[in-house]
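Biologist: Got a minute to walk through this one with me? I'd like to start with how the helices sit against each other.

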Amino acid sequence: MSDRDLLARHVAGDDEAFGELFRRHKDRMWAVALRTVRDPELAADCVQDGFLAAFRRAESFRGEAAVTTWLHRIVVNACLDRLRRRRPTAELPEYELADRHDHHASTEVRLDIQEALAALPEGQRAALVLVDMHAVPVAEAALILGVAEGTIKSRCARGRAALAQQLGLIPSVRPVESR
C-alpha cells in the first residue's frame with residue numbers, strides 16, 4: 001500500500017495505517033533530525049514531535065508533494081522549533097562516529113566537518129543536510145523547508161563556501177581597505 005493510501009486510511013479512521021507510515025519512515029526522519037540538531041536525544045524528541053504533529057494534522061496533507069516530503073518538512077520544522085527554544089546552553093554532544101572500516105584520519109575529518117557544520121546558520125545547515133547529506137533533490141528540499149528552490153541553492157552555495165573556508169580549504173577573503 002502506498003504512503004498516500006496509508007495517510008488517507010488514517011484520516012478515514014484506520015487505527016493501523018499511521019503506525020505503518022511511522023515504521024516505514026522513522027529511521028530516515030531520525031537521521032534527518034540527528035543531522036539537523038546534532039544530539040541523539042533531542043533528535044528523538046523532534047521525531048516524536050514531528051510524527052505527533054503529522055498524526056494530528058494528517059487531514060491537512062494536500063497531496064501536492066510526496067508523503068515523505070511532507071513528513072520531512074514537519075520533522076525539520078520540529079527540529080528548528082526545538083533549536084530556537086533551546087539556544088546554546090548545552091555542551092556539544094559526543095558521537096560514536098567510527099565504524100569497523102573507519103580510519104583515524106577520516107574520523108578527524110568527520111569531526112572537523114561536524115564542527116564546521118554546527119557553526120553555520122540554521123537555514124544553511126538544514127539545506128546542506130538535506131541536499132548534500134541525504135541526497136534530497138533541491139525541489140523537494142525547498143518544499144520541506146518552505147522556501148523557494150533558488151533559496152535552497154543559494155543557502156547550499158553559501159554554506160559550502162563557509163564550510164570550505166572554516167576547514168581551511170580556501171583562504172579567507174579580507175575586504176580591501178579604501179584610502
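Biologist: Which residues in helix 2 meet helix 4?

Modeller: Bear in mind that this is a predicted model. On the helix 2 side you have Leu 21, His 25, Arg 28, Met 29, Val 32, Ala 33, Thr 36 and Val 37. They meet Val 67, Thr 68, Leu 71, His 72, Val 75, Val 76, Cys 79, Leu 80 and Leu 83 in helix 4. By type, the residues of that contact divide into 12 nonpolar, four polar and one charged.

Biologist: And at what angle do helix 2 and helix 4 pack?

Modeller: About 40 degrees, with the axes 10 Å apart. Angles under 35 degrees would count as roughly parallel, so helix 2 and helix 4 are oblique to each other.

Biologist: Is the crossing of helix 2 and helix 4 left-handed or right-handed?

Modeller: Right-handed.

Biologist: Staying on helix 2, is Asp 27 buried or exposed?

Modeller: Asp 27, which lies in helix 2 (residues 17-37), counts as exposed because its relative accessibility is 59% and the cut-off for exposed is over 50%.

Biologist: How far is Asp 27 from Val 47 in space?

Modeller: The C-alpha atoms are 9.4 Å apart, with the two positions 20 residues apart in sequence numbering.

Biologist: Switching to helix 1. What's His 10 in contact with, leaving aside its neighbours within four places in sequence?

Modeller: Ala 17, Phe 18, Phe 55 and Ala 58. His 10 itself lies in helix 1 (residues 3-11).

Biologist: Why does His 10 count as buried?

Modeller: Because its relative accessibility is 11%, and buried means under 20%.

Biologist: OK, helix 6 next. How many of its residues are buried?

Modeller: Nine of the 12, so helix 6 (residues 122-133) is mostly covered. The buried ones are Glu 122, Gln 124, Arg 125, Ala 126, Ala 127, Leu 128, Val 129, Leu 130 and Val 131.

Biologist: What about the backbone after helix 6, at Ala 135?

Modeller: Ala 135 has a positive phi, near 55 degrees, in a residue other than glycine. Ala 135 sits in the loop between helix 6 and helix 7 (138-145). Ala 135 is also exposed, with a relative accessible area of 62%.

Biologist: I had Arg 38 on my list too. What's its phi?

Modeller: Near 60 degrees, again a positive value in a residue other than glycine.

Biologist: And where is Arg 38 found?

Modeller: In the loop between helix 2 and helix 3 (40-56).

Note on methods
Residues are numbered from 1 along each chain as its sequence is written. This is a predicted model: local features need pLDDT of at least 70, side-chain atom pairs count only at pLDDT 80 or more; totals for chains, interfaces and linings use all residues. Side-chain values use heavy atoms; hydrogens and water are left out. Helices (H or I, at least four residues) and strands (E, at least two) are DSSP runs, numbered from the N terminus. Buried means under 20% relative accessible area, exposed over 50%, partly exposed in between (1.4 Å probe, protein chains only). Axes are lines fitted to C-alpha atoms, for helices over the stretch in contact, and angles run from 0 to 180 degrees between N-to-C directions. Angles under 35 degrees count as roughly parallel, over 145 as roughly antiparallel, 65 to 115 as roughly perpendicular and the rest as oblique. A crossing is left-handed if the near helix is turned anticlockwise from the far one by less than a right angle, and right-handed if clockwise. Contact means heavy atoms within 4.5 Å. Ala, Val, Leu, Ile, Met, Phe, Trp, Tyr, Cys and Pro count as nonpolar, Asp, Glu, Lys and Arg as charged, and the others, Gly among them, as polar.
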